[in-house]
Amino acid sequence: MAEESPKNSAAEIPVTSNGQLEDTHEHSFNRDLKCSLPVGLGLSETKITSHGFDGAKEGVVEAGQFPSSSASPKSSVISPSSAAASRLAGQGCDLIIPTGGRAQQKSGPVVLADEVKNPAMEKLELVRKWSLNTYKCTRQIISEKLGRGSRTVDLELEAQIDILRDNKKKYENVLRLAQTLSTQLFQMVHTQRQLGDAFADLSLKSLELHEAFGYNAEMQKLLAKNGETLLGAINFFIASVNTLVNKTIEDTLLTVKQYESARIEYDAYRTDLEELNLGPRDANTLPKIEQSQQLFQVHKEKYDKMRNDVSIKLKFLEENKVKVLHNQLVLFHNAIAAYFAGNQKQLEQTLKQFHIKLKTPGADAPSWLEEQ
């Protein structure tokens, strides 16, 4: 009986056909748990708190960080495989993963911190806004030309702008004619000066006609001198009108163009807001209506500002135009009348009245004595 006791105790240990121990329910769970854990995480590093394995109660598996000298900071975050996560989830367990020494958090939604704005993304957003604004404005322009869209019109301001553009064309015509007159007068003065030199040369070589050639030479030189004086007055008139037309009026028309662009944007966003207000009001459309209302208010303020700027510039331009053109027309009239009347003193007095200084030939180039 004593010899049979060891055999009986050995026989109580179940052995499989290949010599391994037979898996019990607990052994099977431990083996599955080892397979489900990530590589590098052993059971010795795992603490299991369980209230039962029947799946009715929850358990918590806490996994510590396994040491590794060659692991990077990123390798300290352990991500369980999809199979292990699904197996633990089926058993009612929550897996808590450390994040490199920080406070442990349970599984849940991940909130990412706001990153620094990327310049490329900002440029992309600007391009997107510009494209959307261009599309809206183009659609508004096409709708207006086809007669389908409505436009905001300030009748008084539009009438003033039309008059300004018409006057600009007429002033440009006057400027072109005055430039032609100046060119022709310069050629005549140049011819008179050459003719006077020719008469003076003949007066020295022809003794019989010395006195006659001399009179004509003096007359042509006097006409050339008076012509140069008149030419100075005409060129001053041309410079003043050119400044008025191509700088003052052009600057005002540039503001008018900006006003018209602001008006198109205002009407485009106004049309969008009206279309949204005509539609249904629900949870999806209310944010769009609110955003459209904000954009409409921004462009309305811009439109009102540009309309006020155009009104002020048109008022100042009218006052400046009257003053400048009145003085220039008086100068032009007096200079022409004195020239053709042969009144040299009146012609020179006219230029002095308007502070016009004539450039004598060769006055721009200093002499060699002045350079020394």
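Helix H8 turns one face away from its buried side, and that face carries the exposed residues Lys345, Gln349, Lys352 and Gln353. This is a predicted model. The opposite side of the helix is the place to start.

Which residues of H8 are buried? In this helix, residues 344-353, they are Leu347, Thr350 and Leu351. These residues cover an arc of only 95 degrees around the axis, so they sit on the same side of H8. What covers the buried residues of H8 includes helix H6, residues 210-278, and helix H7.

Now look at the two ends of H8. Asn343 caps the N-terminal end. A side-chain oxygen of Asn343 lies 3.4 Å from the backbone nitrogen of Lys345. Past the other end, His355 comes just after H8 and takes a positive phi of about 55 degrees.

Step back along the chain to H7. Gly342 follows H7, and its phi is also positive, near 75 degrees. H7 itself runs over residues 285-341, which makes 57 residues. How far apart should its ends be? At 1.5 Å a residue, the expected span is 84 Å. The end C-alpha atoms of H7 are 81 Å apart, which agrees with that expectation.

A database record adds a label here. The unreviewed UniProt entry annotates residues 154-181 and 289-320 as "coiled-coil region". What does the model show over these stretches? Over residues 289-320 the chain is 100% helix and 0% strand. The end C-alpha atoms of that stretch are 46 Å apart. Over residues 154-181 the chain is 96% helix, again with 0% strand. There the end C-alpha atoms are 41 Å apart.

Next, follow the contacts between H6 and residues further along the chain. Ala262 lies in H6. Is Ala262 buried or exposed? Its relative accessibility is 2%, so Ala262 counts as buried; the cut-off for buried is under 20%. Leaving aside neighbours within four places in sequence, Ala262 is in contact with Lys302, Tyr303 and Met306. Take Tyr303 from that list. Ala262 and Tyr303 are 41 residues apart in sequence, yet their C-alpha atoms are 5.1 Å apart in space.

Asn277 is also in H6. Asn277 has a relative accessible area of 34%, so this residue is partly exposed. Its C-alpha atom is separated by 7.2 Å from that of Ile289, 12 residues away along the chain.

Move back once more, to helix H5. H5 spans residues 155-205, and Ser203 is found in it. At 7% relative accessibility, Ser203 counts as buried. Which residues does Ser203 touch, leaving aside its neighbours within four places in sequence? The contacts are His210, Phe213 and Gly214.

Finally, take in the whole chain. The protein chain has nine helices and three strands. Read along the sequence, these elements follow the pattern α-α-β-β-α-β-α-α-α-α-α-α. Buried residues make up 26% of the 372 residues in the chain. The accessible surface comes to about 26,700 Å², and 57% of this belongs to carbon and sulfur atoms. Among contacts with a separation of 6 or more, 71% come from residues 24 or more positions apart. The pair Ala262 and Tyr303, 41 residues apart in sequence, gives one view of such a separation.

Conventions
Residues numbered from 1 in each chain as written. Predicted model: local features only at pLDDT ≥ 70, side-chain atom pairs only at ≥ 80, totals over all residues. Heavy atoms only, no water. Helix = DSSP H or I, 4+ residues; strand = E, 2+ residues; numbered from the N terminus. Expected span 1.5 Å × (residues − 1). UniProt positions renumbered as here; feature names shortened; annotations may be inferred. Buried < 20%, exposed > 50% of the residue type's maximum accessible area, 1.4 Å probe, protein only. Contact = heavy atoms within 4.5 Å. Areas by Shrake-Rupley, 256 points an atom, 1.4 Å probe, with all protein chains shown as cover. Arc of directions from axis to C-beta. Polar contact = N/O pair within 3.5 Å; in protein donor to acceptor, adjacent residues only side chain to side chain.
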